[in-house]
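New notebook page. I want to get to know this structure by looking things up one at a time and jotting down what I find.

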Amino acid sequence: MLAPVKLIKHQEKLVSDHADDFDDHDEEEWDQDFASELIGQTLLVGITYVDPDGELLRRQQIFGTVTDVEEGYGVTILQRHNGEPFVIAPILSAIEYAVPGVYQLSDADMAVEDPDFTALFTVTSPHRH
């Protein structure tokens, strides 16, 4: 089993594979109508991990059905491939309506056809001393 992952960019929690409190998220205006619309819809999330110099470390693709959206908590996705929840920060402005088509972040990822919504994040690892 992999250890919990907390991804930080500019002191902001972006995603987590465990349900953590995201109270410190960006101070955008919360759109409850859009949050409610996400429930039961499919969401494809692409996460690109880069080092402090911007060099690619790895990519991760998350796909599943949105089961919960809470301000200050996150957007919970029930992953299609393993049934496990995955939580991204409640940054609704990062979530867009998907254009119909087939999506695949890398050759190693499964192809996803016609998701309802997409979101992309880039996570920069911190400098290590």
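**Starting at an aspartate**

I began with a polar contact: a polar side-chain atom of aspartate 51 sits 2.8 Å from the backbone nitrogen of aspartate 53. A reminder to myself before going on: this is a predicted model.

Where is aspartate 51 found? I traced it to the loop between strand 3 and strand 4, the latter covering 56-70. Is aspartate 51 buried or exposed? Its relative accessible area is 17%, so it counts as buried, the limit being under 20%. I also listed what aspartate 51 touches, leaving out residues up to four places away in sequence: Leu57, Thr124 and Ser125.

**Stepping back to the whole chain**

Next I wanted the overall layout. I counted one helix and 10 strands in the protein chain. Read from the N terminus, the order is β-β-α-β-β-β-β-β-β-β-β.

I checked burial too: of the 129 residues in the protein chain, 40% are buried. The accessible surface comes to about 7,800 Å², and carbon and sulfur atoms account for 48% of it. Then I looked at contacts between residues at least 6 apart in sequence, and 52% of these join residues at least 24 apart.

**The nonpolar core**

Which residues have the most contacts inside the largest nonpolar core? I noted Leu43, Val45, Ile88, Leu92 and Ile95, in a core of 21 residues. At least two core residues come from each of helix 1, strand 3, strand 4, strand 5 (74-79), strand 6 (85-88) and strand 10.

**Aromatic rings**

How many aromatic pairs does a search of the whole structure find? I got three. For phenylalanine 34 and tyrosine 97, the ring centres are 6.0 Å apart and the planes stand at 65°, so I wrote this pair down as edge-to-face. The cut-off behind that label is an angle over 60 degrees. This pair links distant parts of the chain, with phenylalanine 34 in helix 1 (residues 32-38) and tyrosine 97 in strand 7 (residues 95-97), 63 residues apart.

I compared how covered the two partners are. Phenylalanine 34 is buried at 11% relative accessible area, whereas tyrosine 97 has 53% relative accessibility and counts as exposed.

Tyrosine 97 also pairs with phenylalanine 117: their ring centres are 4.9 Å apart and the planes are at 40°, so I filed this pair as tilted. Tyrosine 97 is in strand 7 and phenylalanine 117 in strand 10 (residues 117-124), so the pair ties together parts 20 residues apart in sequence. Phenylalanine 117 has 2% relative accessibility and counts as buried. Put together, ring pairs link Phe34, Tyr97 and Phe117 into a cluster.

One more ring caught my eye, that of tyrosine 49. Arginine 58 lies over its face, 3.9 Å from the ring centre.

**Two threonines**

I looked up threonine 42 next, and it lies in strand 3 (residues 42-50). It counts as buried, with 12% relative accessibility. What is threonine 42 in contact with, leaving aside its neighbours within four places in sequence? My list reads Phe63, Gly64, Thr65, Arg80, Asp114, Pro115, Asp116 and Phe117. I had already met Phe117 in the ring cluster.

Then I turned to threonine 118, which lies in strand 10. Threonine 118 is also on my buried list, at 15% relative accessibility. Not counting residues up to four places away in sequence, threonine 118 touches Leu43, Leu44, Ala94, Ile95, Glu96, Ala98 and Tyr103. Two of these names, Leu43 and Ile95, I recognised from the core entry. I also looked up the spacing to alanine 94: 24 residues in sequence and 8.3 Å in space, C-alpha to C-alpha.

**Last look: a loop serine**

My last lookup was serine 106, found in the loop between strand 8 (102-103) and strand 9 (112-113). With a relative accessible area of 26%, serine 106 is partly exposed. How far apart are serine 106 and glutamine 61, in sequence and in space? I noted 45 residues in sequence and 8.4 Å in space, C-alpha to C-alpha.

Note on methods: Residues are numbered from 1 along each chain as its sequence is written. This is a predicted model: local features need pLDDT of at least 70, side-chain atom pairs count only at pLDDT 80 or more; totals for chains, interfaces and linings use all residues. Side-chain values use heavy atoms; hydrogens and water are left out. Rings of Phe, Tyr and Trp (its six-membered ring) pair if their centres lie within 6.5 Å; planes under 30 degrees apart count as stacked, over 60 as edge-to-face and the rest as tilted. Helices (H or I, at least four residues) and strands (E, at least two) are DSSP runs, numbered from the N terminus. Buried means under 20% relative accessible area, exposed over 50%, partly exposed in between (1.4 Å probe, protein chains only). A charge sits over a ring if NZ of Lys or CZ of Arg is within 6 Å of the ring centre and within 35 degrees of the ring normal. Contact means heavy atoms within 4.5 Å. Accessible areas come from the Shrake-Rupley method with a 1.4 Å probe; for residues, only the protein chains shown count as cover. A polar contact is a pair of N or O atoms within 3.5 Å; within protein, one must be able to donate a hydrogen and the other to accept it, and residues adjacent in sequence count only if both atoms are side-chain atoms. A nonpolar core is a set of buried Ala, Val, Leu, Ile, Met, Phe, Trp, Tyr and Cys residues joined through side-chain atoms within 4.5 Å.
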